[in-house]
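Student: I am new to this structure and would be grateful for a close look at one part of it. Please choose a single residue as the starting point and then follow its surroundings outward.

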Amino acid sequence: MNIADRIYLAASGALGTNLTNAYDCNAYLADTGDGYVLIDCGVGMEPEAIVREIERDGLDPRQIRHAVVTHGHADHSGGAAYFQRKYGAQVICSELTAPMLSDADEDAIGLTEARRNGVYPADYAFSGCRPDRVVTDGAALKIGTLTFEFVAAPGHSRDMICVYVPELEALFSSDLVFEGGHIAVVPSADFSAEQLFASLERLAAYKIRSLYPGHRNPVLENGAEAVRRALACFRSGRMPPSIV
């Protein structure tokens, strides 16, 4: 689904638009002019549905050159192995996410606990893959005519990165912040409200026109307002409302 200039919504589950598998996060496809960058990969239960959405937009999935995994949670990372294997997409992730993917470590990505709590089906198994590129905080990749800046954004999970594209003034915020200033509070050992607050403080310095979160709806204009609202809650001593 084409949602903005050069940006497509390729996947979205029950916490979004129900475009693809119910367990998928929002996954976005960016057209760089020299192939596509897939930002997050869905859960991997039905990756063919993502491919169908891409093809429905008249795009060729064989042009997916890179697949960014913003953090290890299965709804974002489980499909990476498929796109790497089938289309040769280079998987990009943070230093902290890399061993989780390489080792298919279901404990580290919180899947064991989430499955026990009924968040995922009992028979769901995570497919790991070896990342092709590991990025550090502040790293930037120029791909075609777009620049992808990687910003460490712990809080929702300790390994999470956001992706900022300055040419589009676009922030792919993953599970850090959502429309209306909502956040995603999860009962995991690496959730930290303090770190989430600090990550938002840092991102407030960016010029954000469009916000592309990991769930719910994209914000195509004045995306910075979501960051401001979440920060206002934290600064007043309140936790921002959670989407889960």
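**Arginine 216 and its surroundings**

Tutor: Arginine 216 has a relative accessible area of 31%, so it counts as partly exposed. The model under discussion is a predicted one. The cut-offs explain the label: a residue is buried under 20% relative accessible area and exposed over 50%, and partly exposed in between.

Arginine 216 belongs to the loop that joins strand E12 (210-213) to helix H7 (224-235). Its backbone deserves attention, for its phi is positive, at about 60 degrees, although the residue is not a glycine. Most residues other than glycine have a negative phi.

One contact of arginine 216 leads to another loop, since histidine 182 touches Arg216. Histidine 182 itself is placed between strand E11 (170-174) and helix H6 (193-203). Its other contacts, leaving aside residues up to four places away in sequence, are Leu176, Val177, Pro241, Ser242 and Ile243. In addition, the side chain of histidine 182 reaches the backbone oxygen of glutamate 179 at a distance of 3.3 Å.

The strands that precede these two loops, E11 and E12, also take part in enclosing a cavity: each supplies at least two residues of the lining of the largest cavity. That cavity has a volume of about 40 Å³, and the count of cavities of 30 Å³ or more comes to 1. Among the lining residues are Phe172, Ser174, Tyr212, Pro213 and Gly214, together with Asn26, Tyr28, Ile39, Asp40 and Thr70. By class, the lining is made up of 5 nonpolar, 4 polar and 1 charged residues.

Tyr28, one of these lining residues, directs attention to strand E3 (residues 27-31), which runs antiparallel to E2 and is joined to it by 4 bridges. Within this pairing, alanine 11 has alanine 27 in E3 as its bridge partner. Strand E2 (residues 7-11) is mostly covered, with 5 of its 5 residues buried. Strand E1 (residues 2-4) is likewise antiparallel to E2, and 2 bridges join them; here asparagine 2 is partnered with tyrosine 8. The hairpin of E1 and E2 has 2 residues between the strands, and arginine 6 in this hairpin takes a positive phi near 75 degrees.

A positive phi also occurs at alanine 104, where the value is near 45 degrees. This alanine is located in the loop between H4 and H5, and it counts as partly exposed because its relative accessibility is 29%. Glycine 110 is found in the loop between helix H4 (97-102) and helix H5 (111-116), and is partly exposed at 28% relative accessibility. From glycine 110 to serine 173, which are 63 residues apart along the chain, the separation of the C-alpha atoms is 20 Å.

Helix H5 leads finally to the largest pocket, for it gives the most to the lining, with 3 residues. Helix H2 (74-77), like H5, supplies at least two residues. The volume of this pocket is about 550 Å³. Its lining consists of 25 residues, and those nearest the centre are Asp75, Ala114, Val119, Tyr120 and Val186. In terms of class, 15 of the lining residues are nonpolar, 6 are polar and 4 are charged.

Conventions
Residues are numbered from 1 along each chain as its sequence is written. This is a predicted model: local features need pLDDT of at least 70, side-chain atom pairs count only at pLDDT 80 or more; totals for chains, interfaces and linings use all residues. Side-chain values use heavy atoms; hydrogens and water are left out. A polar contact is a pair of N or O atoms within 3.5 Å; within protein, one must be able to donate a hydrogen and the other to accept it, and residues adjacent in sequence count only if both atoms are side-chain atoms. Contact means heavy atoms within 4.5 Å. Buried means under 20% relative accessible area, exposed over 50%, partly exposed in between (1.4 Å probe, protein chains only). Two strands pair if DSSP finds at least two bridges between them. On a 1 Å grid over the protein atoms alone, a cavity is a set of points where a 1.4 Å probe fits but cannot get out, and a pocket is an open set with protein on both sides within 12 Å along at least five of seven lines; lining residues have an atom within 4 Å of a point. Grid points are joined across faces, edges and corners, and a volume is the space filled by probe spheres set on the points. Ala, Val, Leu, Ile, Met, Phe, Trp, Tyr, Cys and Pro count as nonpolar, Asp, Glu, Lys and Arg as charged, and the others, Gly among them, as polar.
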